[in-house]
Amino acid sequence: MREVACNMELLVVDDVCCGLENVAVPALSNVEGTRLSDIKYTPTNVAGPGAPTDPSEMMYEGCDCHTPSCSSDCPCILRYGPTYDNSGCLLAEELEKFLCSKPVLECNTSCQCGEQCSNRVAQKGVSLKLEVFHSPQKGWGVQAAERIPLGRFVCEYAGEVLGLEQARKRTQNMKQEDMNYILTLREHIAGGRIIETHIDPTYIGNVGRYINHSCAPNLLMLPVRVDSEVPKLALFAGRDIEVGEELSFDYSGEYGNVAKQGQLQMSTEKIKDSSKLKPCFCGSEMCAGFLPFDPSLYEVHEIK
């Protein structure tokens, strides 16, 4: 591992992605001797302990669009409606519908369309210039090394797909100083059912694991399905992002929902076992003071 001067910072790692993405993502630090955690890099989700479904398992039929790029009558697009424009960015109307969480289905491995199809976005992995950097308060983070337009796909939040019991076990075994990377996605579907997906990039993960939380983030997360019913947790630019800006998303999943964020803040303040809470250093005006907390993965009692 080499260290060289790079814009007043040390180049800790040439590429945190180990050559598995479309572009190299370097890690920089202004503190000599700083090291990244030793993890196994994966560009997308992998099956972990207790995973109810293998994310590599094919579960969707492919389209018969023998064209370089699918049109609006493609079965994959017709299923839930179009999501992307021809440049691969979220359609303006999709950004407006974001809080309604319309399902997103991309063309998959069995589809007959070309690899450059406009309905293949999140599955392609990282293609933007990003940098992992180190800050004194928040530890590692990710910043833009090129301008990112509104609606552009940035990266996936990828790791091991866990079963509920394994997610609880790992969470409850964490020490106070440990970072909690486990993210739980809850999707409410017809009939009142709730589908839970637990992603943990602690030991196996991608560059998304280094992106910090913010109560006023510049990225939004959408569940995107390709081959499997297990969604990719895809991060898109929620606004134009300039070079050097730190990337962030709301770990609670409540991007832009101010009322819901306020409720989460009040429920966090009621948590009796404050040792489970970690301070938030996002610095935004609407900062809740603590990182989002999922009590369902802990044995926590709230004050009545």
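**Entry 1: Getting my bearings**

I count helices and strands as DSSP runs, a helix needing at least four residues and a strand at least two. By that count I find four helices and 16 strands in the protein. I remind myself that this is a predicted model.

I looked up the confidence next. The average pLDDT is 87, and 86% of the residues score at least 70. Residues 1-7 have a pLDDT below 50, and beyond near neighbours in sequence this stretch has 15 contacts in the model. Residues 300-304 also fall below 50, with six such contacts. Where pLDDT is low, the predicted coordinates should not be read in detail. I leave both stretches alone.

Then I checked the overall numbers. Of the 304 residues, 47% are buried. The protein exposes about 15,600 Å², and carbon and sulfur atoms supply 51% of that. Among contacts with a separation of 6 or more, 65% join residues 24 or more positions apart.

**Entry 2: The nonpolar cores**

Which residues touch the most other members of the largest nonpolar core? I noted Val16, Leu130, Val132, Ile148, Val207 and Leu247, out of 37 residues in that core. Seven strands each supply at least two residues of this core: S2 (9-13), S7 (130-135), S8 (139-144), S9 (153-156), S11 (183-188), S14 (219-225) and S15 (232-237).

I also found a second, separate core of 12 residues. Its members include Val121, Phe153, Leu220 and Ala234. In soluble globular proteins, nonpolar side chains tend to be buried together.

I picked Leu130 for a closer look. Leaving out residues up to four places away in sequence, Leu130 touches Ala24, Val25, Pro26, Val142, Gln143, Ala144, Ala145, Ile148, Val154 and Leu247.

**Entry 3: S7 and S8**

I followed the chain from S7 to S8. A hairpin of three residues joins the two strands. In which sense do S7 and S8 pair? They are antiparallel, over six bridges. I could pin down one bridge: Ser135 partners Gly139 in S8. S8 is mostly covered, with six of its six residues buried.

**Entry 4: A four-stranded sheet**

I traced an open sheet of four strands in the order S6-S14-S15-S9. The pairing in this sheet is mixed. Strand S6 (104-105) and S9 are the edges, each pairing on one side only. S6 and S14 run parallel, over two bridges. In that pair, Val104 stands opposite Val224 in S14. I kept one rule in mind: in a regular strand the side chains alternate between the two faces of the sheet.

**Entry 5: Salt bridges**

I counted 10 salt bridges. I looked up three of them.

The first joins Asp240 and Arg147, with the closest N and O atoms 3.1 Å apart. Asp240 sits in the loop between S15 and strand S16 (248-249), and Arg147 in the loop between S8 and S9, so this pair ties together parts 93 residues apart in sequence. Are these two residues buried or exposed? Neither label fits, because buried means under 20% relative accessible area and exposed means over 50%. Asp240 is partly exposed at 35%. Arg147 is partly exposed too, at 42%. Arg147 and Asp240 also belong to a salt-bridge network with Glu242.

The second joins the side chains of Lys232 and Glu156, at 3.6 Å from N to O. Lys232 is in strand S15 and Glu156 in strand S9, so I read a link between distant parts of the chain, 76 residues apart. Both Lys232 and Glu156 are buried.

The third joins Arg170 and Asp200, with the closest N and O atoms 2.7 Å apart. Arg170 lies in helix H3 (residues 164-172) and Asp200 in strand S12 (residues 194-205), so the pair ties together parts 30 residues apart in sequence. I checked the cover as well. Arg170 counts as buried at 16% relative accessibility. Asp200 is buried, with a relative accessible area of 1%.

**Entry 6: Ser284**

Where does Ser284 lie? I found Ser284 in the segment after helix H4 (258-269). Its relative accessibility is 19%. The cut-off for buried is under 20%, so Ser284 counts as buried. Apart from neighbours within four places in sequence, Ser284 is in contact with Cys215 and Ala216.

Terms used: Residues numbered from 1 in each chain as written. Predicted model: local features only at pLDDT ≥ 70, side-chain atom pairs only at ≥ 80, totals over all residues. Heavy atoms only, no water. Core = buried A, V, L, I, M, F, W, Y, C linked by side-chain atoms within 4.5 Å. Buried < 20%, exposed > 50% of the residue type's maximum accessible area, 1.4 Å probe, protein only. Contact = heavy atoms within 4.5 Å. Pairing = 2+ DSSP bridges. pLDDT = per-residue confidence, 0-100. Areas by Shrake-Rupley, 256 points an atom, 1.4 Å probe, with all protein chains shown as cover. Salt bridge = Lys/Arg side-chain N within 4 Å of Asp/Glu carboxyl O.
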